[in-house]
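Please look through the structure below. The paragraphs after it start from a single residue and then widen to the rest of the chain.

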Amino acid sequence: MTEAVSTAVKPKAAKAPARWQDFVQLMKPRVMSLVVFTALTGMVCAGARVNPILGAIAILCIAVGAGASAALNMWYDADIDAQMRRTRGRPVPAGRVQGADALALGVVLSMFSVMLMGMALNWLAAGLLAFTIFFYAVVYTIWLKRSTAQNIVIGGLAGALPPVIGWAAASGSVPLNAWLLCAIIFMWTPPHFWALSLYTSEDYKKAGVPMMPIVAGAASTRKQILIYSLLFTPLCLVPAFTGLGGVGYLGVAGLGGLVFVLLAVRLARSQAGDAGRQRNADSAPGGLYDVRAGAKDARNLFAFSILYLTLLFATLLVEHLMGATPLALFSWKLPS
């Protein structure tokens with residue numbers, strides 16, 4: 001591992017002033033949008049009345065905090081990003097932004113988002129935001145990502161916390177229903193990212209990142225994806241039993257979960273990620289969704305996982321905004 005990292009291709013030095021678009025890209029806006037969406041769902045599900053201005057500030061702080069984490073990640077990972085086809089066009093490895101500038105941006109935005117959250121909303125939400133930034137930038141990026149195949153399993157906590165932060169910002173508390181939203185995202189993360197890694201493993205291998213297909217092999221990874229999927233999909237039904245989700249949510253979670261498991265079974269029976277097929281997949285043109293036939297089962301689960309999680313949280317959001325959650329089929333609710 002040490003040798004793989006030490007021989008990494010160094011990011012190019014910035015030769016011209018960076019554009020503002022480069023700094024926006026440092027904050028991973030697509031990832032930020034999912035973070036904001038799940039955090040907003042947590043705020044609405046909390047059921048507390050929030051001043052619209054304070055609510056907007058809370059979402060701004062969570063978005064800025066997510067962007068800060070991403071900038072710190074891109075600063076530290078510039079060496080391995082430079083070697084991976086999927087990431088070598090990022091601002092730092094491409095030489096459009098200096099590493100020191102990315103680090104400064106991440107630190108300044110981190111402090112700004114946490115302090116503003118604490119002063120405008122409450123310090124519980126601010127503390128959770130600070131922990132999330134630290135966990136992603138230090139625990140995951142600096143430690144776990146390069147040292148263990150369980151990197152995204154443990155590191156997935158950072159991506160799972162935004163709805164808890166949103167809930168805390170709205171109500172000043174974090175009941176078990178808030179942690180249930182966190183648990184859903186946490187269990188979603190391994191099958192989602194391992195499906196991606198099955199058809200991008202050559203990139204990770206070249207960069208010295210110990211993703212599961214490299215350490216345990218493609219067959220073992222496919223089996224673990226299936227196991228996690230069988231644990232994840234029943235968990236998605238639980239909000240219908242706690243008063244958090246209603247009839248519509250139960251239908252989306254049930255039908256979508258069935259499709260998720262079927263795709264995971266199909267992937268487990270496939271040869272996605274195997275050596276010969278991996279070379280074919282890596283030679284495919286285009287982006288993450290344009291792959292050769294041998295990788296399509298992994299690509300399909302990866303793509304559907306994003307859709308499924310989005311539908312789950314969108315349904316919860318709509319039900320709570322429309323006041324539909326009293327129609328929940330079950331009266332047992334988790335204690336605060």
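Where does Met84 lie? The model is a predicted one, and in it Met84 sits in the loop between helix 5 (78-81) and helix 6 (99-120). Is Met84 buried or exposed? Its relative accessibility is 3%, so Met84 counts as buried; the cut-off for buried is under 20% relative accessible area. Which residues is Met84 in contact with, leaving aside its neighbours within four places in sequence? They are Asp203, Tyr204 and Ala207. Ala207 is 123 residues from Met84 along the chain, yet the C-alpha atoms of the two are separated by 6.7 Å.

Contacts between parts far apart in sequence can also be followed across the whole protein. Among contacts in the protein with a separation of 6 or more, 76% are between residues 24 or more positions apart. The secondary structure consists of 17 helices and 0 strands. The protein has 336 residues, and 52% of them count as buried. Its accessible surface is about 14900 Å², and carbon and sulfur atoms account for 67% of that area.

The loop that holds Met84 also holds a charged residue with a distant partner. A salt bridge joins the side chains of Arg96 and Asp22, at 2.8 Å from N to O. Arg96 is in the loop between helix 5 and helix 6, while Asp22 is in helix 2 (residues 20-26), so this pair ties together parts that are 74 residues apart in sequence. The two ends of the bridge can be set side by side: Arg96 has 26% relative accessibility and so counts as partly exposed, whereas Asp22, at 2%, counts as buried.

A search of the whole structure finds 8 salt bridges. Another of them is formed by the side chains of Arg146 and Asp79, again with an N to O distance of 2.8 Å. Here Arg146 belongs to the loop between helix 7 (123-144) and helix 8 (151-160), and Asp79 belongs to helix 5, so the pair ties together parts that are 67 residues apart in sequence. Arg146 counts as buried because its relative accessibility is 11%, and Asp79 is buried with a relative accessible area of 18%. Asp77, Asp79, Lys145 and Arg146 are joined into one network by salt bridges that share partners. The side chains of Asp81 and Arg90 also meet in a salt bridge, at 3.2 Å from N to O, and both Asp81 and Arg90 are buried.

Next comes the nonpolar interior. The largest nonpolar core has 95 residues, and those that touch the most other members are Met117, Ile184, Trp194, Phe232, Cys236, Tyr308 and Leu312. Which helix gives the most to this core? Helix 10 (residues 176-198) does, with 12 residues. Tyr308 can serve as an example of the packing: leaving aside its neighbours within four places in sequence, Tyr308 is in contact with Phe232, Cys236, Val252, Ala253, Gly256, Gly257 and Phe260.

Phe232 leads on to helix 13 (residues 218-235), where Phe232 is one of the buried residues, as are Tyr228 and Leu235. The cover over the buried residues of helix 13 includes helix 8, helix 10, helix 12 (212-215), helix 14 (239-242), helix 15 (247-268) and helix 17. Helix 13 has 18 residues and reaches 26 Å from its first C-alpha to its last, close to the 26 Å expected at 1.5 Å a residue.

Helix 3 (residues 29-45) can be read in a similar way. Its 17 residues should span 24 Å at 1.5 Å a residue, which agrees with the 24 Å between its end C-alpha atoms. Buried residues of helix 3 include Met32, Val35, Ala39 and Met43. Helix 4, helix 9 (162-171), helix 10 and helix 17 (296-321) are among what covers the buried residues of helix 3. After helix 3 comes Gly47, which has a positive phi, near 75°.

Not every nonpolar side chain is inside. Trp75, Tyr76, Phe134, Val138 and Ile142 make up a nonpolar patch on the surface, with about 400 Å² of accessible area together. The elements that give two or more residues to the patch are helix 4 (52-76) and helix 7, and helix 7 gives the most, with 3 residues. Phe134 is placed in helix 7, and its relative accessibility is 46%, so Phe134 counts as partly exposed.

Technical notes
Residues numbered from 1 in each chain as written. Predicted model: local features only at pLDDT ≥ 70, side-chain atom pairs only at ≥ 80, totals over all residues. Heavy atoms only, no water. Core = buried A, V, L, I, M, F, W, Y, C linked by side-chain atoms within 4.5 Å. Buried < 20%, exposed > 50% of the residue type's maximum accessible area, 1.4 Å probe, protein only. Helix = DSSP H or I, 4+ residues; strand = E, 2+ residues; numbered from the N terminus. Contact = heavy atoms within 4.5 Å. Salt bridge = Lys/Arg side-chain N within 4 Å of Asp/Glu carboxyl O. Patch = residues over 30% accessible without salt bridge, like charges linked within 9 Å, V, L, I, M, F, W, Y side chains within 5 Å. Areas by Shrake-Rupley, 256 points an atom, 1.4 Å probe, with all protein chains shown as cover. Expected span 1.5 Å × (residues − 1).
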